[in-house]
Each structure stands twice: as C-alpha cells, then as structure tokens.
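Thanks for coming. I will keep this short and go through one structure, mostly its charged side chains and a few loop residues.

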Amino acid sequence: VPLTREQAALYEAVVRESMLAIETSDGIARRGLVLKLLGALKQICDHPALYLKEETAGSDSRLLARSGKLLLLDELLDTLLAEDGSALVFTQYVGMARLITAHLTSRAVPVDLLHGGTPVPERERMVDRFQSGATPVLVLSLKAAGTGLNLTRAGHVIHFDRWWNPAVEEQA
C-alpha cells in the first residue's frame, strides 16, 4: 500500500533522526534504538495519528486521507459488506484498533473492538454479535485474539499490520 505524502515525510524524518542516534551508539543501546525505529516505522505506515499519539474522535475525510492502509481498508470493507460478508481486522496496536473502530463507526458500519482489556462478559457479547451477523466487522488486537476465540462466521481476515511472529498470524 503506498504511503501518503504525510506518511512518507514523517517516515523519512524519523529514519534520518534515528540513524544519527544509532550511528553514535553501540552495544545494547544501539540494538534498542534499531528496535524502536522499526516500531515507529510500522506505526507511521499504519497511520500518522498512531505514531504521533493524536486523539482521534470519530473520523473525517482528513483522517482517512492520511493513511493509505485506512483508505484500502475502506475499499475492502465496502466490497465485503456490499456482498453481505463479514471480516476480522487484526492489528498489533490497540491504538490503531481504536482508530479503525472510530472511523468505521463514523461511517455507520456496525463494528466491535476486542482487545486484552475487554471484560469477559463484553467479549462474549461481541463474539455472539459477530457470529449472529449483527456486527459484520470485528476489530481485534492480535495478542488478545489468540486466546480461544472461535469466529466461524468470518469470511475474510485482514491483517492491518504484520506481527513479527508468523505463528501468531497463523493462529489468527
């Protein structure tokens, strides 16, 4: 998915700043900076608001236009929902899951968000709503979703961002 101009500029700036710090470090500090850089770049590729830790109440065309991935997710979900389909949307970042959920809610797409902090009764309600078709889109944090869920109604699985461990994605 191509980056937006904002994403590309932010990506380049973060790489430039980080490389200066990495070049002047060594040992475990250097490794830590490399891992921090990789995490930052993944967040920028998801959405600049995630990396910048911006509060996003609802959605508007400006929020949507800032992320190539969010634009593509909209296109995919529009097609799936037009065909009465259902989808699981996985992300490793709860902040991104909240952004996606707020965006879809603003578009009047029935959606629930399941993450590690979701209480068990609420989690069960969300699974029931998804399985019955009342909520055709379920957004899940990747780690919370690997704990014994059986979502057989899911016709499509979308990994919004990739996890470092392929086995976790396979579980999803």
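I will start with how the values were obtained, then take the salt bridges, the loops and a surface patch.

This is a predicted model, in which local features need pLDDT of at least 70 and side-chain atom pairs count only at pLDDT 80 or more, while totals for chains, interfaces and linings use all residues. Residues are numbered from 1 along each chain as its sequence is written, and side-chain values use heavy atoms, with hydrogens and water left out.

Two terms come up throughout. Helices (H or I, at least four residues) and strands (E, at least two) are DSSP runs, numbered from the N terminus. Buried means under 20% relative accessible area, exposed means over 50%, and partly exposed is in between, with a 1.4 Å probe and protein chains only.

Now the salt bridges. By that I mean a side-chain nitrogen of Lys or Arg within 4 Å of a carboxyl oxygen of Asp or Glu. How many does a search of the whole structure find? It finds 9 salt bridges, and I will go through three.

Take R66 and E54, whose closest N and O atoms are 2.7 Å apart. This pair links distant parts of the chain, 12 residues apart: R66 is in the loop between α4 and α5 (68-82), and E54 is in the loop between α3 and α4. R66 counts as buried because its relative accessibility is 9%, whereas E54 is partly exposed at 32%.

Next, D74 and R107 meet in a salt bridge at 2.9 Å, N to O. Here helix α5, which holds D74, is linked to the loop between α6 and β2, which holds R107, and the two residues are 33 apart along the chain. Buried or exposed, for D74? D74 is buried, because its relative accessibility is 6%. Its partner R107 is partly exposed, with 32%.

The third pair is R129 and D112, at 3.3 Å from N to O. R129 lies in helix α7 and D112 in strand β2, so this salt bridge ties together parts that are 17 residues apart in sequence. D112 counts as buried at 10% relative accessibility; R129, at 28%, is partly exposed. These two also belong to a network of salt bridges that links D112, E122, R125 and R129.

On to the loops. Which residues other than glycine have a positive phi? K53 is one of them, with phi near 55 degrees, and A108 is another, near 65 degrees. K53 sits in the loop between α3 (48-51) and α4 (61-65), and A108 in the loop between α6 (94-106) and β2. K53 is exposed, with a relative accessible area of 65%, and A108 is exposed as well, with 66%.

One more loop residue is P119, between β2 (111-114) and α7 (120-132). P119 is partly exposed because its relative accessible area is 47%. Its C-alpha atom is 18 Å from that of G95, and the two residues are 24 apart along the chain.

Last, the surface. V1, L72 and L76 form a nonpolar patch with about 250 Å² of accessible area together. Patches are made of residues with over 30% relative accessible area and no salt bridge, where like charges are joined within 9 Å and nonpolar side chains (Val, Leu, Ile, Met, Phe, Trp, Tyr) within 5 Å. Accessible areas come from the Shrake-Rupley method with a 1.4 Å probe, and for residues only the protein chains shown count as cover. Of these residues, L72 is found in helix α5 and is partly exposed, at 34%.
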